Amino acid sequence: MNTRITLLTAACALALVACGDKSPDTSADTAAAPTASEPAPDATAPDATTEPAPAITPTPADTTTAASAATTPGSDKPAAVVADCATEIEGTDAMQYNVGSIVVPASCTEFKITLKHTGTMPVAAMGHNVVITKAADMQAVAAEGMGAGAAAAYVKAGDARVIAHSSLIGGGETTSVSFPVSKIKDGGPYEFFCSFPGHSALMKGTIAVE
C-alpha cells in the first residue's frame with residue numbers, strides 16, 4: 001500500500017514538472033508590444049533624414065531687351081576727339097555717326113566740325129550733313145527741312161533755330177562747318193544731327209561747352 005502511494009506521488013510530481021515546461025513563453029510578446037510610454041511609429045511621418053526639395057526661385061523677366069530699346073541712339077558711342085578747337089567725325093552707309101557726343105572747350109571762341117562720309121553710296125541715296133540746334137528744336141527743324149530739298153541740305157532757309165549746318169555730302173566726300181562757341185554756351189542742351197530725311201532718328205548726338 002505504501003509503495004502505491006509513493007508511486008502515485010512520484011507520478012504527480014512528474015506531471016507537474018511536465019506541465020510547467022509547457023507553459024507559454026510570453027517574454028517575446030511582451031518585448032514586441034509597445035509600452036504605453038512609447039507610441040507606435042507613425043507610418044505617415046516623414047523621414048527625418050530625407051532632405052527637403054530645394055525651393056525653385058522664379059527667374060525674373062529679362063529686361064535687357066526693354067532697356068536697350070529705351071537707349072538713345074548714339075549714347076553708347078565714344079565722345080569725339082577734340083584738338084585745337086576742332087574735331088572730325090564720320091558718317092557711314094549704315095546711317096550712323098561714329099561718335100555720340102562733342103565736348104567743346106570753354107576756352108574756344110570758334111569751333112570747327114569736319115564730317116567725313118566713309119561710305120560709298122551717293123548723296124541722293126545716303127547723304128549726310130551736320131546740323132546744330134537746341135535738343136528741343138531738333139525734330140521740328142528736321143521735319144521742316146525735308147521740304148527744302150537736297151540742294152538746301154534739307155535745312156529750311158532762314159531758320160533761326162539752326163545754329164550752324166554743313167553742306168550735304170555722299171560717300172567718299174568731306175565737308176565742314178564752323179560756328180561761334182558763344183551760341184551753345186547757354187540755353188541748352190544742344191544736339192548735332194543729320195537732316196537727311198529719316199536720318200535724325202539715328203544720326204544724332206550731344207554737343208556742349210565745358
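This is a short walk through a predicted model, from its sheet to its cores and its disulfide.

Let us begin with the open sheet, which is built from five strands in the order S2-S8-S7-S4-S5, with mixed pairing. At its edges stand S2 and strand S5 (164-165), and each has a single partner strand, so one side of each is left without a neighbour in the sheet. As a reminder, strands of a sheet pair through backbone hydrogen bonds, either parallel or antiparallel. Strand S4 (residues 131-134) and strand S7 (residues 190-193) run antiparallel and are joined by four bridges. If you would like a landmark in this pairing, look for valine 131, which stands opposite phenylalanine 193 in S7.

Next, find helix H5 (residues 138-145). This helix lies across S4, S7 and strand S8 (204-209), and runs at about 30 degrees to S7.

Now move to the edge strand S2, where serine 101 is found. Is serine 101 buried or exposed? Its relative accessible area is 17%, and because buried means under 20%, serine 101 counts as buried. Leaving aside residues up to four places away in sequence, serine 101 touches Pro78, Ala79, Ala80, Phe192 and Thr206.

From here we can turn to the nonpolar interior. The largest nonpolar core has 30 residues, and those with the most contacts inside it are Ile89, Ile102, Ile113, Ile132, Phe192 and Ile207. At least two residues of this core come from each of S2, S3, S6 and S7. Which strand gives the most? That is S3, with three residues.

Isoleucine 113 is a good place to pause, as one of the residues with the most contacts inside this core. Its contacts, not counting residues up to four places away in sequence, are Thr87, Ile89, Ile102, Val130, Ile132, Thr175, Ser176, Val177, Phe179 and Ile207. There is also a second, separate core of seven residues, including Val131, Met138, Ala142 and Val162. You have already met Val131 as the partner opposite phenylalanine 193.

Loops are worth a visit too. Isoleucine 184 lies in the loop between strand S6 (174-180) and S7, and this residue is buried, with a relative accessible area of 3%. Beyond residues up to four places away in sequence, isoleucine 184 touches Val104, Ile132, Ile163, Phe179, Tyr190, Ile207 and Val209. Take Ile207 from that list: isoleucine 184 and isoleucine 207 are 23 residues apart in sequence, and their C-alpha atoms are 8.2 Å apart in space.

Finally, let us look at the cysteines. How many disulfides does the structure hold? There is one, formed by cysteine 85 and cysteine 108, with their sulfur atoms 2.0 Å apart. The link of cysteine 85 and cysteine 108 is left-handed, with -90 degrees about the S-S bond. Cysteine 85 sits in the loop between helix H3 (64-70) and strand S1 (86-91), while cysteine 108 sits in the loop between strand S2 (101-104) and strand S3 (110-117), so the pair ties together parts that are 23 residues apart in sequence. As for their surroundings, cysteine 85 is partly exposed at 26% relative accessibility, whereas cysteine 108 is buried at 4%. One further cysteine to look up is cysteine 194, which is buried, with a relative accessible area of 0%.

Terms used:
Residues are numbered from 1 along each chain as its sequence is written. This is a predicted model: local features need pLDDT of at least 70, side-chain atom pairs count only at pLDDT 80 or more; totals for chains, interfaces and linings use all residues. Side-chain values use heavy atoms; hydrogens and water are left out. A disulfide is a pair of cysteine sulfur atoms within 2.5 Å. Buried means under 20% relative accessible area, exposed over 50%, partly exposed in between (1.4 Å probe, protein chains only). Two strands pair if DSSP finds at least two bridges between them. Contact means heavy atoms within 4.5 Å. Axes are lines fitted to C-alpha atoms, for helices over the stretch in contact, and angles run from 0 to 180 degrees between N-to-C directions. A nonpolar core is a set of buried Ala, Val, Leu, Ile, Met, Phe, Trp, Tyr and Cys residues joined through side-chain atoms within 4.5 Å.
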